[in-house]
Amino acid sequence: CGYNMTIGIIGLSQTVMGILGNFCLLYHYLLHGHTKGRLRATDLILKHLTISNSLIILSEGVPQTVVAFGLKHFFNYFGCKLLMYVQRVGRSVSICMTCLLSVFQTIMISPMNSCWKDLKLKAPKYIGFSVSLCWILYMVVNVIVPMYELYMFGKGSVENIVKKRYFEYCSANEQKKINGLIYVALIVFPEVSFTMIIIWTSGSMVFILYRHKQHVQHIHKNNTSHRSSPESRATLSILILVSSFLSFQTLSSTFHLCIALTDHPNWWLVNATHLISVCFPTVSPFLLMSSDSTLSRLCFAWIRNTKFPNLITKI
């Protein structure tokens, strides 16, 4: 009982902070897009990353928090299927957007004599298309996987079903059926590929920033008061965001693998896995705010007005 209460309090704190942070960022991007007419390419990617992170928190963080406080089986069959669909789409799009952000920033900061030079002018034009393609692709893929599993299960072809996982917030008869080959081909392989691309582009960004710093120090060797460029600061901010994603993604994947290889995982492992899965969606908006003082002031003002509107009005 005390253990469940502790997990519930941690999950509730994580969920509330994540919802406030992501909704605040989403409000900023919507307001900025309305007043400015058009978002920058990086802001467009970050807006959709924020939306996908919000889906993860709402579809995974909220149900697990409710379960920790003792309420179970509050979703029927169709509700549980819908919830798992939203979880998968949110997770897949989050990885896709992080990869797109990392690749785009690497292209934009690369020197004109690099192999990326031809893409520097073209890349911003294709960001909107890439974002839309990512959403459409994963919305379709995450429909195909359960439909195929349901078809195979109906035929009685259960030899490919490699794992069943029970969710406490689903009805007693609901289980998650995973077809090994299809799941690996449509879900695991793209995620691993995106992760490898993120690692490669992150390394490229670090190398480019290091070369740029050496160049600037050589030019300003007699001037100790020079400051880093806005482009370098933006790249560093994205590097911090991407590095935190890779850290939490590796940790989450490790825990998920432990669960997959265990026939009867203990509840500590299950709860820790769910908490870690929501860590990146929770901390990512605050990492972005910490690198932009204007954004952080706007967001904290929005949160204050949201929580205490009457008090602010009186003041």
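**Exercise 1. In which helix does Gly90 lie?** Determine also its burial and its contacts.

*Solution.* The model is a predicted one, in which local features need pLDDT of at least 70 and side-chain atom pairs count only at pLDDT 80 or more, while totals for chains, interfaces and linings use all residues. Residues are numbered from 1 along each chain as its sequence is written, and side-chain values use heavy atoms, with hydrogens and water left out.

Step 1. Gly90 lies in helix H3, where helices (H or I, at least four residues) and strands (E, at least two) are DSSP runs numbered from the N terminus.

Step 2. With a relative accessible area of 0%, Gly90 is buried; the term buried stands for under 20% relative accessible area, exposed for over 50%, and partly exposed for what lies in between, with a 1.4 Å probe and protein chains only.

Step 3. Leaving aside neighbours within four places in sequence, Gly90 is in contact with Ser52, Leu55 and Ile56, contact being defined as heavy atoms within 4.5 Å.

Step 4. Between the C-alpha atoms of Gly90 and Tyr138 the distance in space is 8.9 Å, although the two are 48 residues apart in sequence.

**Exercise 2. Describe the chain as a whole, from its elements to its contacts.**

*Solution.* Step 1. The chain has 10 helices and 2 strands, and from the N terminus on its elements run α-α-α-α-β-β-α-α-α-α-α-α.

Step 2. Of the 315 residues of the chain, 44% count as buried.

Step 3. Among the contacts in the chain with a separation of 6 or more, 78% are accounted for by residues 24 or more positions apart.

**Exercise 3. How many salt bridges does the count come to, and where do their partners stand in terms of burial?**

*Solution.* Step 1. The count comes to 2 salt bridges, a salt bridge being a side-chain nitrogen of Lys or Arg within 4 Å of a carboxyl oxygen of Asp or Glu.

Step 2. One of them joins Arg40 and Asp43, whose closest N and O atoms are 3.2 Å apart. Arg40 counts as exposed, at 56% relative accessibility, whereas Asp43, at 9%, counts as buried.

Step 3. Glu191 forms a salt bridge with Arg91, and here the closest N and O atoms are 3.5 Å apart. Since Glu191 lies in helix H5 (residues 180-219) and Arg91 in helix H3 (residues 77-109), the pair ties together parts that are 100 residues apart in sequence. Glu191 is buried, with a relative accessible area of 10%, and Arg91 is partly exposed, with 26%.

**Exercise 4. What is the nearest side chain of opposite charge to Glu60, and which residues does Glu60 touch?**

*Solution.* Step 1. Glu60 is found in helix H2, which covers residues 41-68.

Step 2. Glu60 is buried yet has no salt bridge, the nearest side chain of opposite charge being that of Arg91, 6.7 Å away; for this purpose Lys and Arg count as positive and Asp and Glu as negative, while His and the chain ends are not counted.

Step 3. Not counting residues up to four places away in sequence, Glu60 touches Gln87, His274, Ser277 and Val278.

**Exercise 5. Which residues line the largest cavity, and which element gives the most to this lining?**

*Solution.* Step 1. On a 1 Å grid over the protein atoms alone, a cavity is a set of points where a 1.4 Å probe fits but cannot get out, and lining residues have an atom within 4 Å of a point. A search of the whole structure finds 3 cavities of 30 Å³ or more.

Step 2. The volume of the largest cavity is about 90 Å³, a volume being the space filled by probe spheres set on the grid points, which are joined across faces, edges and corners.

Step 3. Its lining consists of Ile7, Gly11, Gln14, Glu60, Gly61, Gln64, Thr65, Asn271, His274, Leu275 and Val278. Two or more residues come from each of helix H1 (2-36), H2 and helix H7 (267-277), and H2 gives the most, with 4 residues.

Step 4. By class, the lining has 3 nonpolar, 7 polar and 1 charged residues, where Ala, Val, Leu, Ile, Met, Phe, Trp, Tyr, Cys and Pro count as nonpolar, Asp, Glu, Lys and Arg as charged, and the others, Gly among them, as polar.

Step 5. H7 is largely enclosed by the rest of the structure, because 9 of its 11 residues are buried; among them are Asn271, His274 and Leu275.

Notes:
On a 1 Å grid over the protein atoms alone, a cavity is a set of points where a 1.4 Å probe fits but cannot get out, and a pocket is an open set with protein on both sides within 12 Å along at least five of seven lines; lining residues have an atom within 4 Å of a point.
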